There are 2 protein chains.
Amino acid sequence: MAPKQQKTLVDTVFDGIFDLILKGEIPLGGVVNEAVLAERFKVSRGPVREAVKALQGRGLIIKEPYYKARVVDLSLADMVHIFQLREAVEGMSVRLATINMSDQAIDQLLAEFADASEKQQRIVLDVHVRIAEGSGNRRIQSLLCDELYYLLRLYRARSGAQPGRRDTAFSEHWQILRAMKTRDPDLAESLMRSHIGRATEGLHQLLRSESEKAAPVRRQKQVG
Amino acid sequence: MAPKQQKTLVDTVFDGIFDLILKGEIPLGGVVNEAVLAERFKVSRGPVREAVKALQGRGLIIKEPYYKARVVDLSLADMVHIFQLREAVEGMSVRLATINMSDQAIDQLLAEFADASEKQQRIVLDVHVRIAEGSGNRRIQSLLCDELYYLLRLYRARSGAQPGRRDTAFSEHWQILRAMKTRDPDLAESLMRSHIGRATEGLHQLLRSESEKAAPVRRQKQVG
DNA sequence: TCTTGCCGAAGTGTTGACAGTTATACGGGC
DNA sequence: GCCCGTATAACTGTCAACACTTCGGCAAGA
């Protein structure tokens, strides 16, 4: 009973709105107007409503009854919260993958990682996605590869800089994969949590320097 | 800018459908029919669609384009996945609460816990909710108190038995609260993960005994 | 009897109009 | 100029009808 992969207007509009948000055409905190979007995508307001609700369900849009929906602000504090959650879930994800993935699958992941690293390709999100798939836990996969995935993409698109150190990320990923290979779930989880915890700490530093910078002068109102 | 707490038809229908599912009027795996529900709640199909989509977003309903939506099956394997995720997130939740909650708030939680235990009240979900609130992490709170909360409620309503041992749960909660009081985030997290990990293991046992029971004879088709 | 194909019924997806709520603009008074 | 009240415009929530897809029943053929 595998249904055909139908694509409804809601799916198309969802992707379209997410793209507008990614590109900043609807800025962070900006208004999401159903009627305008319906005109833009040449559909009725119904599918737009449903797409907006779906984006709301992924934490990308804030919506209250009768009020104009808004794109989430994605403050640094918000990102700290997301990374704390992600640390816990990615830790469990790699623990389960260490236990559940076959030797062959782990070897293949290691080989692809080594291959991509030689080519200087961006593989950071892919490794996490692959581990989540290997965890065999559909709920964890759904959370990491759906809701948190969109939030991370948005954060990276809007902030430019990655909350992590690109120079050591390769080494940390490698160590995680090695721990998986040796079937040490405790070590794998600990390494993954440290890996993400460092990014969280980096965000914390930004948050602190931001509040110190703001303290001596009047908080500058954002134009948008 | 706190909007009034408006309640739309979608909210009402969401609660109504969830209630039908809780009571088994729509059984696990059962069909969710928009037109029938619209008649039942005396609304148009629009709000029903939106409510169904919202329930889908919480993992309670499975839906593909043009196919009839269905209530999730909530198999034991599914519950194991949910509890594994919950273990990770509740662990991080109590870690953050141990760090972030004020002494006064922790004392109050301890006092309320002791009070409720004398009265033999059901406080299990409340403690977890309170800890999530105390974590100060809105994403964790949202996940534990929204999506996972509904799934847990549904599981308990449909399965009757709690995946846990009521006799030792009090003691385990108490130890967790004590670890919070002494400001030991590592211990608090470890205790919480053990607490939920035991429930997960109980589910695993059920899953194993289920598959052993099914192995020697033809798998009995469920009537529903 | 079993299998396949066709057609109509049952259901889902979308539309445009109406109903209800919030936001904005304008005028009057202080 | 500022504040308040009112009216209207702009928006969100809902409705009923139409468009499109799936499902089930029946008939025909092997």
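These legends walk through close-up views of a predicted model, from the pairing of its two protein chains to the two DNA strands.

**View 1. Chains A and B are related by a rotation axis.** Laying chain B on chain A takes a turn of 180 degrees and a shift of 0.0 Å along the axis, and the RMSD is then 0.0 Å. This is why the pair can be described by a two-fold axis. The same surface is used by both copies, since 97% of the contact residues of chain B recur in chain A. To find the axis in your viewer, go to B:Ala88: among the residues of chain B, its C-alpha comes closest to the rotation axis, at 2.6 Å.

**View 2. Here is the interface of chain B and chain A.** On one side 35 residues of chain B take part, in contact with 37 residues of chain A. Together the two chains bury about 3,100 Å², and carbon and sulfur atoms give 56% of that area. Three residues are worth picking out here: B:Glu50, B:His81 and B:Arg139 supply 21% of the area that chain B buries against chain A, more than any other three residues.

**View 3. Charged and polar pairs link the two chains.** There are 10 salt bridges across the interface of chain B and chain A. One to zoom in on joins the side chains of B:Glu50 and A:Lys53, with N to O at 2.5 Å. Counting residue pairs in polar contact between chain B and chain A, with both residues at pLDDT 80 or more, gives 16. Four helices of chain B, namely α3, α4 (76-100), α7 (138-159) and α9 (185-214), each give two or more residues to the side that touches chain A. The largest share comes from α4(B), with 11 residues. Sorted by class, this side of chain B has 15 nonpolar, seven polar and 13 charged residues.

**View 4. DNA strand C is lined by residues of both chains.** There are 22 residues around DNA strand C, and A:Leu9, A:Ser44, B:Arg45, B:Arg49 and B:Tyr66 come nearest. Three of the contacts with phosphate oxygens make good starting points. A polar backbone atom of A:Ser44 is 2.6 Å from one phosphate oxygen, while B:Arg49 brings a polar side-chain atom to 2.5 Å from a phosphate oxygen. For B:Tyr66, a polar backbone atom is 2.9 Å from a phosphate oxygen. The elements giving two or more residues to this surface are α1 (9-23) and α3 (45-57) of chain A, along with α3 (45-57) of chain B. Of these, α3(A) gives the most, with three residues. The strand's atoms within 4 Å of the protein are 76% sugar or phosphate, with the rest in bases. The surface residues divide into 10 nonpolar, five polar and seven charged.

**View 5. DNA strand D also meets both chains.** Here 21 residues surround the strand, the closest being A:Arg45, A:Arg49, A:Lys63, B:Leu9 and B:Ser44. B:Ser44 places a backbone N or O atom 2.6 Å from a phosphate oxygen. From chain A, a polar side-chain atom of A:Asn33 lies 3.1 Å from a phosphate oxygen, and a polar backbone atom of A:Glu34 is 3.4 Å from a phosphate oxygen. At least two residues of this surface come from each of α3 of chain A, α1 (9-23) of chain B and α3 of chain B. Sugar or phosphate accounts for 80% of the strand's atoms within 4 Å of the protein, and bases for the rest. By class, the surface has 10 nonpolar, four polar and seven charged residues.

Methods
Residues numbered from 1 in each chain as written. Chains lettered and ligands numbered in written order. Predicted model: local features only at pLDDT ≥ 70, side-chain atom pairs only at ≥ 80, totals over all residues. Heavy atoms only, no water. Least-squares fit on C-alpha atoms with pLDDT ≥ 70 in both. Contact = heavy atoms within 4.5 Å. Near = heavy atom within 4 Å. Polar contact = N/O pair within 3.5 Å; in protein donor to acceptor, adjacent residues only side chain to side chain. Nonpolar A, V, L, I, M, F, W, Y, C, P; charged D, E, K, R; others polar. Buried area = accessible area lost by both parts, 1.4 Å probe. Salt bridge = Lys/Arg side-chain N within 4 Å of Asp/Glu carboxyl O.
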